[in-house]
Amino acid sequence: MTDVQTDFVILLVDDREENLISLEEMLAQENRVFLRALSGNEALKLVLRNPQIGLILLDVQMPEMDGFEVARILKSNPKTRDISIIFVTALNKEQQYVLKGYDEGAVDYLQKPLDIRVTQAKVSVFEKLYRYQTQLKQTADALRKTNKQLENFVYIVAHDLKSPLNGVIGMLSLMVMQNEEEGLSKEELREYLGLSQRASYHLSGMISEILDYSRKSLSEQTIEEVDVQEMVTQIFQLLFPPRNIRTAINGTMPRFQTRKLKLQQVFQNLISNAIKYNDKAQGLVEVGYAEKGEFYEFYVRDNGPGISLHEQSNLFTLFGVSQAPSQTRDDKTGVGLNILKVLVEEQGGKFRIDSTVGEGSTFFFDWYKS
């Protein structure tokens with residue numbers, strides 16, 4: 001993919017209009033934009049209004065405010081100190097003037113009368129340097145974004161794998177404990193082993209999907225037909241809800257084309273939290289959806305402890321930057337809802353909460369129909 005060439009903005013500063021016109025004609029090229037200033041004060045105003053300026057050709061000898069003073073002011077401001085400055089001067093090249101210019105922040109000199117070829121060559125060099133620096137900055141920004149996405153990916157994967165693994169461990173521990181106390185019948189043993197086996201197979205499948213996902217960019221990630229009814233049913237089974245918590249799917253969930261792993265991550269984390277933090281003797285976790293234009297609006301509802309308005313303001317904080325309520329956090333990893341919010345917003349949707357303390361919470365999220 002070829003990047004579109006952006007304009008290179010050059011500020012020309014000279015107290016004589018004819019000199020500005022001559023410079024612009026000399027340097028005119030495609031993808032170059034010129035700004036003109038007839039004084040030091042005008043130049044400073046233009047720089048502050050146009051932060052995209054890549055190079056300044058600055059006349060040294062100007063009334064009121066000379067080029068040295070303009071350069072000194074620009075270099076003292078963090079927003080403008082990195083702009084390259086070439087001094088244009090009729091002063092002789094005695095060492096004291098050259099050193100003064102460099103002390104004030106100049107990166108090069110042009111001697112009047114200007115040599116056309118030298119002037120054009122120097123400006124071209126600075127344009128190339130500016131474009132290299134801009135590209136490097138964009139690459140660095142993209143790398144930071146990628147690293148953040150990778151960091152979020154690792155957090156949520158760890159959380160996803162931990163829930164079914166805990167279920168398998170819990171089931172096996174229960175088998176050992178009951179067998180030691182009263183012995184297990186063949187039917188009970190077969191049931192427990194079947195549940196553990198299905199959860200293990202599912203866990204293995206999740207790991208394979210995650211490995212495949214991690215190797216691909218967003219554009220390469222597979223869009224496939226997903227039966228949400230089947231997905232949610234498997235998640236309910238995978239999480240081994242205790243006997244006092246009933247799980248339910250309201251209506252028939254849709255079947256559509258999407259990135260399966262991301263949708264599964266959102267559902268699994270919301271359902272896992274709803275089960276884990278339910279405080280009622282007879283708990284209930286419900287999943288459903290509604291049509292919402294180009295989106296499906298899914299929800300996960302529980303009759304748990306609920307979340308106060310104060311706590312809701314901290315729901316999307318990761319690793320305790322501010323304290324989030326226990327209902328929405330993993331006790332050890334601190335994975336909050338902010339990662340799920342990012343996944344939902346990648347689909348162009350929104351994430352919202354309706355909760356009443358003591359009565360329960362409903363987490364809504366939009367998912368593009370594709």
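This report walks through one sheet, the helices beside it, a helix pair and several salt bridges in a predicted model.

## The five-strand sheet

Let us start with the sheet. Five strands form an open sheet in the order E7-E9-E10-E12-E11, and their pairing is mixed. Strand E7 (245-249) and strand E11 (351-356) take the edge positions; each has a single partner strand, so one side of each has no neighbour in the sheet. On average, neighbouring strands here are turned by 15° against each other, with direction ignored.

E12 (residues 360-368) is a good strand to follow through the model. On one side, E12 runs antiparallel to E11, and six bridges join the two. Within this pairing, Ile353 stands opposite Phe363 in E12. The hairpin of E11 and E12 has three residues between the strands, and in this hairpin Gly358 takes a positive phi near 90°.

E12 also pairs with E10, again in the antiparallel sense, over eight bridges. Here Arg301 is the residue that stands opposite Thr362 in E12. Is E12 enclosed by the rest of the structure or left open? Eight of its nine residues are buried, so E12 is largely enclosed by the rest of the structure.

## Helices that lie across the sheet

Two helices deserve a look alongside these strands. Helix H7 (residues 228-238) lies across E7, strand E9 (283-292) and strand E10 (295-302), and runs at about 170° to E7. Helix H10 (residues 338-346) lies across E11 and E12, running at about 30° to E12.

Which residues of H10 are buried? They are Asn338, Ile339, Leu340, Leu343 and Val344. A general point about helices helps in reading such a list: an α-helix has 3.6 residues a turn, so residues three or four places apart point the same way. Just after H10, Gly348 takes a positive phi of about 85°.

## Salt bridges

If you plan to look at charged side chains, there is plenty to inspect: the structure holds 19 salt bridges. The table lists three of them, with the N to O distance for each.

| Pair | N to O distance |
|---|---|
| Glu18 and Arg16 | 2.7 Å |
| Arg36 and Glu24 | 2.9 Å |
| Arg301 and Glu286 | 4.0 Å |

Take the pair of Glu18 and Arg16, whose side chains meet in a salt bridge. Glu18 is partly exposed, with a relative accessible area of 42%, and Arg16 is partly exposed too, at 46%.

Next come Arg36 and Glu24, whose side chains also meet in a salt bridge. This pair links distant parts of the chain: Arg36 is in strand E2 (residues 32-37) and Glu24 in helix H1 (residues 17-27), 12 residues apart. Glu24 has 22% relative accessibility and counts as partly exposed.

The bridge between Arg301 and Glu286 brings us back to the sheet. Arg301 lies in strand E10 and Glu286 in strand E9, so the pair ties together parts that are 15 residues apart in sequence. Arg301 is partly exposed, with a relative accessible area of 28%, whereas Glu286 counts as buried at 16% relative accessibility. In addition, Lys292, Glu297, Arg352 and Asp366 are joined into one network by salt bridges that share partners.

## A closer look at Arg36

Arg36 is worth a visit of its own. This residue of strand E2 counts as partly exposed, at 34% relative accessibility. Which residues does Arg36 contact, leaving aside its neighbours within four places in sequence? The contacts are Leu11, Leu12, Glu17, Leu20, Ile21, Glu24, Glu42 and Leu46; Glu24 among them is its salt-bridge partner. Arg36 and Leu57 are 21 residues apart in sequence, while their C-alpha atoms are 9.9 Å apart in space.

## The pair of H2 and H3

Finally, consider two helices that meet each other. The axes of helix H2 (residues 40-49) and helix H3 (residues 67-76) come within 10 Å and cross at roughly 25°. Angles under 35 degrees count as roughly parallel, and H2 and H3 are therefore roughly parallel to each other. Their crossing is right-handed. Where the helices meet, H2 brings Gly40, Leu44 and Val47, and H3 brings Val70, Ile73 and Leu74.

Notes. Residues are numbered from 1 along each chain as its sequence is written. This is a predicted model: local features need pLDDT of at least 70, side-chain atom pairs count only at pLDDT 80 or more; totals for chains, interfaces and linings use all residues. Side-chain values use heavy atoms; hydrogens and water are left out. Two strands pair if DSSP finds at least two bridges between them. Helices (H or I, at least four residues) and strands (E, at least two) are DSSP runs, numbered from the N terminus. Axes are lines fitted to C-alpha atoms, for helices over the stretch in contact, and angles run from 0 to 180 degrees between N-to-C directions. Contact means heavy atoms within 4.5 Å. Buried means under 20% relative accessible area, exposed over 50%, partly exposed in between (1.4 Å probe, protein chains only). Angles under 35 degrees count as roughly parallel, over 145 as roughly antiparallel, 65 to 115 as roughly perpendicular and the rest as oblique. A crossing is left-handed if the near helix is turned anticlockwise from the far one by less than a right angle, and right-handed if clockwise.
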